Amino acid sequence: MKTRTPPTLNVPCAGCKRLRRKCTADCIFVPYFPATEPEKFAEVHRVFGASNVTKMLRDIPVSQRGDAVSSLVFEARTRLKDPVYGCVSTMAALQHQVNQLQAELLAARAENASLGAQLSEVMLLLSTVTPRASTSAQSLEAGNSVDVAITSAFDRCYSPGPIVS
Ligand SMILES: [Zn+2]
């Protein structure tokens, strides 16, 4: 019984071109390594080897092969750039950045909590201030006494010594 062979493509994919073989319609590399991007296959082939890439792609569902190829290309490029650490150096740099940002976030939260406590203290002090005047004739004086009380409350709140009430 004769098996049907898929038709040979006029323009081979980057993989088959590099491997100097006929590229067929069912070639596993066709969707991911177009002839227009030969460097993608060259880098992946150099680091992982074409047969390993073929095996890896066969073990992955078709819907996830595009993502797998993207990560293989990224890993291959970083490995070629940094033969010792490869993409681990990128991960370490990003991890360092995450740690720094987390420390900054903690500091910002602590400052926020401290400012919130100071604000509560000021609000509490302001709530204890009651205008003395109730008549319209004394309103100007009352306004002045409230201003003095507020200034005094702020001074006490931000003074280095203990707050005396
Ligand atoms: Zn091919």
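Me: At 29% relative accessibility, does Glu37 count as buried, partly exposed or exposed?
Reply: Keep in mind that this is a predicted model. Buried means under 20% relative accessible area and exposed means over 50%, with partly exposed in between. Glu37 has 29% relative accessibility, so it counts as partly exposed.

Me: Okay, and which residue does the side chain of Glu37 meet in a salt bridge?
Reply: The structure holds two salt bridges, and Glu37 takes part in one of them. The N to O distance is 3.8 Å, and the partner is Lys40.

Me: Is Lys40 buried or exposed?
Reply: The cut-off for buried is under 20% relative accessible area. Lys40 has 16% relative accessibility, so it counts as buried.

Me: What about Glu43 and Arg77: how many residues apart in sequence are the parts this pair ties together?
Reply: The side chains of Glu43 and Arg77 meet in a salt bridge, at 2.7 Å from N to O. Glu43 lies in helix H2 and Arg77 in helix H4, so the parts they tie together are apart in sequence by 34 residues.

Me: Let's look at helix H3. Why are Ala50, Val53, Thr54 and Leu57 on the same side of H3?
Reply: Helix H3 spans residues 50-58, and Ala50, Val53, Thr54 and Leu57 are buried there. An α-helix has 3.6 residues a turn, so residues three or four places apart point the same way. The buried residues end up on the same side of H3 because they cover an arc around the axis of only 100 degrees.

Me: Which helices are included in what covers the buried residues of H3?
Reply: The cover includes helices from both before and after H3 in the numbering. Among them are H1 (14-19), H2 (38-48) and H4 (62-81).

Me: Which element gives the largest share of the largest nonpolar core?
Reply: This core has 19 residues, and Phe29, Phe33, Val44, Val53 and Leu57 have the most contacts inside it. Two or more residues come from each of H1, H2, H3 and H4. The largest share is five residues, and it comes from H4.

Me: Leaving aside neighbours within four places in sequence, which residues is Val53 in contact with?
Reply: Val53 is one of the buried residues of H3. With those sequence neighbours set aside, its contacts are Phe29, Phe33, Val44, Phe48 and Leu72.

Me: Last one: is Val88 buried, partly exposed or exposed?
Reply: Val88 lies in helix H5, residues 87-128. Together with Val84, Tyr85 and Met91, Val88 makes a nonpolar surface patch of about 430 Å². Its relative accessibility is 43%, so Val88 counts as partly exposed.

Definitions and conventions:
Residues are numbered from 1 along each chain as its sequence is written. This is a predicted model: local features need pLDDT of at least 70, side-chain atom pairs count only at pLDDT 80 or more; totals for chains, interfaces and linings use all residues. Side-chain values use heavy atoms; hydrogens and water are left out. Buried means under 20% relative accessible area, exposed over 50%, partly exposed in between (1.4 Å probe, protein chains only). Helices (H or I, at least four residues) and strands (E, at least two) are DSSP runs, numbered from the N terminus. The arc is that of the directions from the helix axis to the C-beta atoms. Contact means heavy atoms within 4.5 Å. A nonpolar core is a set of buried Ala, Val, Leu, Ile, Met, Phe, Trp, Tyr and Cys residues joined through side-chain atoms within 4.5 Å. Patches are made of residues with over 30% relative accessible area and no salt bridge: like charges are joined within 9 Å, nonpolar side chains (Val, Leu, Ile, Met, Phe, Trp, Tyr) within 5 Å. Accessible areas come from the Shrake-Rupley method with a 1.4 Å probe; for residues, only the protein chains shown count as cover. A salt bridge is a side-chain nitrogen of Lys or Arg within 4 Å of a carboxyl oxygen of Asp or Glu.
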